[in-house]
Amino acid sequence: MRLEWALLIGSALLLLSVLASKASGRLGVPSLLVFLLVGMAAGSEGPGKIAFSNYPLAKDVGVVALAFILFAGGLDTRWKEVRRALPAATLLATVGVVVTALLVAGFAHVALGFEPLEGFLLGAIVSSTDAAAVFAVLRGRSVPIPERLRGILELESGLNDPMAVFLTTGVIALFVDPRATLGGLVPAFVMEMSVGLAVGFGLGRLTIWLANRMRLAYDGLYPVFTLACVALTYSLAAVMHGSGFLAVYVAGLVMGSGTFVHKRSLMRFHDGVAWLMQIAMFLALGLLVDPSSLLPVAGLGFLTALFLMIVARPVATLVSLVFVRMPTREKVMTGWVGLRGAVPIVLAIFPLLAGVPRAATMFNVVFFIVLTSVLLQGSTIPLFARLLRLETPPAVDPLLADSDLPLRRESELVTVAVPAASSAAGEQIVDLGFPQDVTVLLIHRQGGFFVPTGATILKEGDKLMALTSRASSPKLKGIVES
């Protein structure tokens, strides 16, 4: 295909997906489902008639896209707000994933006639919630649930993808490598997660340090810098036999909880990158599937999807959280927000490429499960929140939701002068350690005003106009005036 035609078709599909997502919000249908359907419609059996069967390319697109989606999800998560959710999210991402895989394996063996190992592979593929789907539904549609519960669901979705990837690749190894054993998976798991955690934390801190000290001549280079850091984090962890997905998510968490130059604009940039990656991933996977191949497995797929949503996910949630102090209705809600998305479809490509028996059937069943999960679970999450009386009022006025300012009811505007011999003079704003809820809006210097950035160096006599909470106002004044 000529480059001009490829650009024309690709841009048209992207534009159509964006416009369709607007309509999906009004209809109450998750936009991710719309992206999948657009891809299927553009495929060889749809009006678009685009023949696409490059499974290796689709897998690579999915892996790259997921890495940037996980990073953006971590970057947009404040550690101070979700750290209380870490124990519950970790249990769901480990124990919950394994229990889900085992339950689906038993169902596939008894009801679908799969061999035990084949059933466990199917269970591993669909065992994790999907970060892209969870972030899109909980954030894009502003589902009004308590912050602690939201933190558990988002943190789980970022942590359990690496677990599902590990289980899937481990079970495939049992098929293709006669020397592989179940016992050998345990040290491999510890190695992958430890390396991924270490690389993600280390490069996350290094990225913050470099961003605050490079002082690039052009602001447009900072997004390029962070894009390179995301790719470096994933690939370095992977070549060291660690989990690249865990590494990029942890790096995002570390950066989201830190302070660095152009943080707000970079967060918006990576949010846009994440949406681009979601659309590209779902379009590619939609193109890959022929609707006619789904019909023969529609019954199997629907039964498996119902079992996963009604039995496996809720049971796995209750088992994982049995010792966690949470209201029962929040546990029930957690069991329902078990969205499956692009990750299971990407993982279902792995057995196809490895030549695992019945891999084609698994792929089609998984695709049907994803369609059912996104449609039924994704569209009913607000309804479940209302039925379980978990709705909470928005913390910010909706008219100010898109503002860059951290507006809260207790916020106030303060003016602080930099006195002579202040330790803050000659320092970058980003290096002064201001509280997270402080935003320096303007600086008055030599008779004029300008909008500062994190790289702005303060001078004696500067007057800072800042938006801050009443609790942080004394800390701000202490730092500037000391």
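1. Buried residues are those under 20% relative accessible area, exposed residues are over 50%, and partly exposed ones lie in between. The model discussed here is a predicted one, and with that cut-off in mind Glu330, at 11% relative accessibility, counts as buried because its value falls under 20%. Its salt-bridge partner Arg148, at 24% relative accessibility, counts as partly exposed.

2. The side chains of Arg148 and Glu330 meet in a salt bridge, with a distance of 3.9 Å from N to O. The pair links distant parts of the chain, since Arg148 belongs to helix α8 (residues 147–176) and Glu330 to helix α15 (residues 328–336), 182 residues apart. The cut-off for a salt bridge is a nitrogen-to-oxygen separation within 4 Å, and this contact is one of four salt bridges found in a search of the whole structure.

3. Helix α8 also carries Glu156, which forms a salt bridge with Arg313, the closest N and O atoms being 2.7 Å apart. Here the link runs from helix α8 to helix α14 (residues 298–320), where Arg313 is found, and the two residues of the pair are 157 residues apart. Glu156 is buried, with a relative accessible area of 1%, and Arg313, at 5% relative accessibility, counts as buried too.

4. A further salt bridge joins Arg445 to Asp462, with the closest N and O atoms 2.6 Å apart. Arg445 lies in strand β2 (residues 439–445), whereas Asp462 lies in the loop between β3 (448–450) and β4 (463–469), and the two are 17 residues apart. Both Arg445 and Asp462 are buried.

5. Turning to the aromatic residues, the search of the whole structure finds six aromatic pairs. In one of them Phe35 and Trp275 are edge-to-face, at 6.5 Å centre to centre and with 90° between the planes. Phe35 lies in helix α2 (residues 31–42) and Trp275 in helix α12 (residues 263–288), so the pair ties together parts that are 240 residues apart in sequence. The two partners are described in opposite ways as regards burial: Phe35, at 1% relative accessibility, counts as buried, whereas Trp275 is partly exposed, with a relative accessible area of 28%.

6. The rings of Phe107 and Phe307 have their centres 4.5 Å apart and their planes at 15°, so this pair is stacked. Phe107 is in helix α5 and Phe307 in helix α14, and the contact links parts of the chain that are 200 residues apart. Phe107 is buried, with a relative accessible area of 17%, and Phe307, at 17% relative accessibility, likewise counts as buried.7. Two basic residues are placed over aromatic rings. Lys59 lies over the face of Phe350, at 5.4 Å from the ring centre, and Arg358 lies over the face of Phe114, at 4.2 Å from the ring centre.

8. Arg358 also deserves a look for its backbone, for its phi is near 60°, a positive value in a residue other than glycine. Most residues other than glycine have a negative phi. Arg358 is found in the loop between α16 (342–354) and α17 (359–387), and Arg358 is partly exposed, with a relative accessible area of 36%.

9. Lys49 likewise has a positive phi, of about 55°, although it is not a glycine. Lys49 is found in the loop between α2 and α3 (55–75), and at 58% relative accessibility Lys49 counts as exposed, because that value is over 50%.

10. The second largest pocket holds about 440 Å³ of space. Its lining is made of 21 residues, of which Leu86, Leu159, Leu197, Leu246 and Val250 lie nearest the centre of the pocket. The elements that give two or more residues to this lining are α5 (86–111), α8, α9 (185–214) and α11 (244–256), and the largest share, six residues, comes from α9. By residue class, the lining of the second largest pocket divides into 15 nonpolar, five polar and one charged.

11. A last point concerns Leu476, which is found in helix α18 (residues 473–481) and which, at 1% relative accessibility, counts as buried. Leu476 and Phe434 are 42 residues apart in sequence, while in space they are 6.3 Å apart, C-alpha to C-alpha.

How values were computed
Residues numbered from 1 in each chain as written. Predicted model: local features only at pLDDT ≥ 70, side-chain atom pairs only at ≥ 80, totals over all residues. Heavy atoms only, no water. Helix = DSSP H or I, 4+ residues; strand = E, 2+ residues; numbered from the N terminus. Buried < 20%, exposed > 50% of the residue type's maximum accessible area, 1.4 Å probe, protein only. 1 Å grid on protein atoms, 1.4 Å probe; cavity = no way out; pocket = protein on both sides within 12 Å on 5 of 7 lines; lining within 4 Å. Points joined across faces, edges and corners; volume = space filled by probe spheres on them. Nonpolar A, V, L, I, M, F, W, Y, C, P; charged D, E, K, R; others polar. Phe/Tyr/Trp six-rings, centres within 6.5 Å; stacked < 30°, edge-to-face > 60°. Lys NZ or Arg CZ within 6 Å of the ring centre and 35° of its normal.
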